[in-house]
Amino acid sequence: ATIPGGSLLFLTYFAPDATPVTLASTGDELKITWTFTPLGLNANNTSQNFVLGTVDTPTAAVVSADGFATAAGVYSGYSMYSNMGRTLGNGNPWLLKKWGGTSSDFLGHQGNWTALINGATSGLHGYDNNVPYTYTETLTRNASGGIDIVSTMSGGTTLNGTGTMTDSFTDTTPAAYTFDTFAVRPAGSSTTATTLNSSLFEVEFITPVPEPATFVLAGLGLLGLVGFRR
């Protein structure tokens, strides 16, 4: 995709609005994987203009054609406000946030989002041209009813000095357990890249199932109990 001088929002609905992915039980996990290659990277900037979001879109804000999402509604979910350049130039270059606003502008206003944790260091090496990077995010419901969030960008050998930027955070008071939308908002080529070439986008919903051995042991235990009573 070619990035213009102004902002551009790419979004996909990976589940129907009426039946979003729901983290209903302990261990239920939503995993998003996106691999892309940047071209025409800027050298350095201080912005957080490379933004990603995973949310549940309210029905009133769902769009059905190319355009600009301006419908009113309150979202729920998480975003990454991050810096893109050959050097990481923002003080919080890999910042996980949680929706906390009422504006209809999905990823356009940072004021809609509450900062949670930063997982990269300003001044370290950032992205490189023609190098593939993979973004992965897992949202897992834990036994306490919270959501464990792990958000990682990896690629090359020197991104953030190690080849990886990672945020790990537990949201103990999630607004919702439902998700249906993933979006990317590069806010202009001058502070991101002129082109982002996607090679993989995958959404997985993982729900744990009891291992077969559990059933076998339980069955043997019941047989033993029956034999004892006889």
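User: What share of the contacts with a separation of 6 or more comes from residues 24 or more positions apart?

Analyst: In this predicted model, residues 24 or more positions apart account for 73% of those contacts.

User: Which elements does the chain have, and in what order do they run?

Analyst: The chain has 13 strands and 1 helix. From the N terminus on, the strands run one after another and the helix ends the series.

User: What makes F36 and Y133 an aromatic pair, and why is the pair called tilted?

Analyst: The search of the whole structure finds 15 aromatic pairs. For F36 and Y133, the centres are 6.2 Å apart and the planes form an angle of 35°. Rings pair if their centres lie within 6.5 Å, so 6.2 Å qualifies. Stacked needs under 30 degrees and edge-to-face needs over 60; 35° meets neither limit, and therefore the pair is tilted.

User: How do you know that this pair ties together distant parts of the sequence?

Analyst: F36 belongs to strand β3 (residues 29–39) and Y133 to strand β8 (residues 133–141), so the pair joins parts that are 97 residues apart in sequence.

User: Why are F36 and Y133 called buried?

Analyst: Buried means under 20% relative accessible area. F36 has 0%, so F36 counts as buried. Y133 has 1%, and therefore Y133 is buried as well. In the chain of 230 residues, 45% count as buried.

User: Why is the pair of W94 and Y135 called edge-to-face?

Analyst: The planes of W94 and Y135 are 75° apart, and the centres are separated by 5.9 Å. An angle over 60 degrees counts as edge-to-face, so 75° gives the pair that name. W94 lies in strand β6 (residues 94–99) and Y135 in strand β8, 41 residues apart. W94 is buried at 0%, and Y135 is buried at 1%.

User: Which residues do ring pairs link into a cluster?

Analyst: The cluster holds W34, F36, F50, W94, Y127, Y133, Y135, F182 and F201.

User: Which residues touch the most other members of the largest nonpolar core?

Analyst: They are W34, F36, F50, L52, W94, Y127 and M153, in a core of 32 residues. Strand β3 gives this core its largest share, 4 residues.

User: What does F50 contact, leaving aside neighbours within four places in sequence?

Analyst: The contacts of F50 include W34, F36, Y127 and M153, as well as M80, Y81, V184 and L196. Another core, of 10 residues, lies apart from the largest one; V55, Y75, W99 and A183 are among its members.

User: How do you know that the charged end of K97 sits over the ring of Y81?

Analyst: The charged end of K97 is 4.9 Å from the centre of the Y81 ring. The distance limit is 6 Å, so 4.9 Å satisfies that part of the rule. R141 lies over the face of Y177, at 3.9 Å from the ring centre.

User: Why is F169 called partly exposed rather than buried or exposed?

Analyst: F169 has a relative accessible area of 25%. Buried would need under 20% and exposed would need over 50%; 25% falls in between, so F169 is partly exposed.

User: Where does F169 lie, and what does F169 touch?

Analyst: F169 is part of strand β10 (residues 164–171). Not counting residues up to four places away in sequence, F169 touches L96, L116, I117, I147, D148 and I149. The C-alpha atoms of F169 and D148 are 6.0 Å apart, although 21 residues separate the two along the chain.

How values were computed
Residues numbered from 1 in each chain as written. Predicted model: local features only at pLDDT ≥ 70, side-chain atom pairs only at ≥ 80, totals over all residues. Heavy atoms only, no water. Helix = DSSP H or I, 4+ residues; strand = E, 2+ residues; numbered from the N terminus. Buried < 20%, exposed > 50% of the residue type's maximum accessible area, 1.4 Å probe, protein only. Contact = heavy atoms within 4.5 Å. Phe/Tyr/Trp six-rings, centres within 6.5 Å; stacked < 30°, edge-to-face > 60°. Lys NZ or Arg CZ within 6 Å of the ring centre and 35° of its normal. Core = buried A, V, L, I, M, F, W, Y, C linked by side-chain atoms within 4.5 Å.
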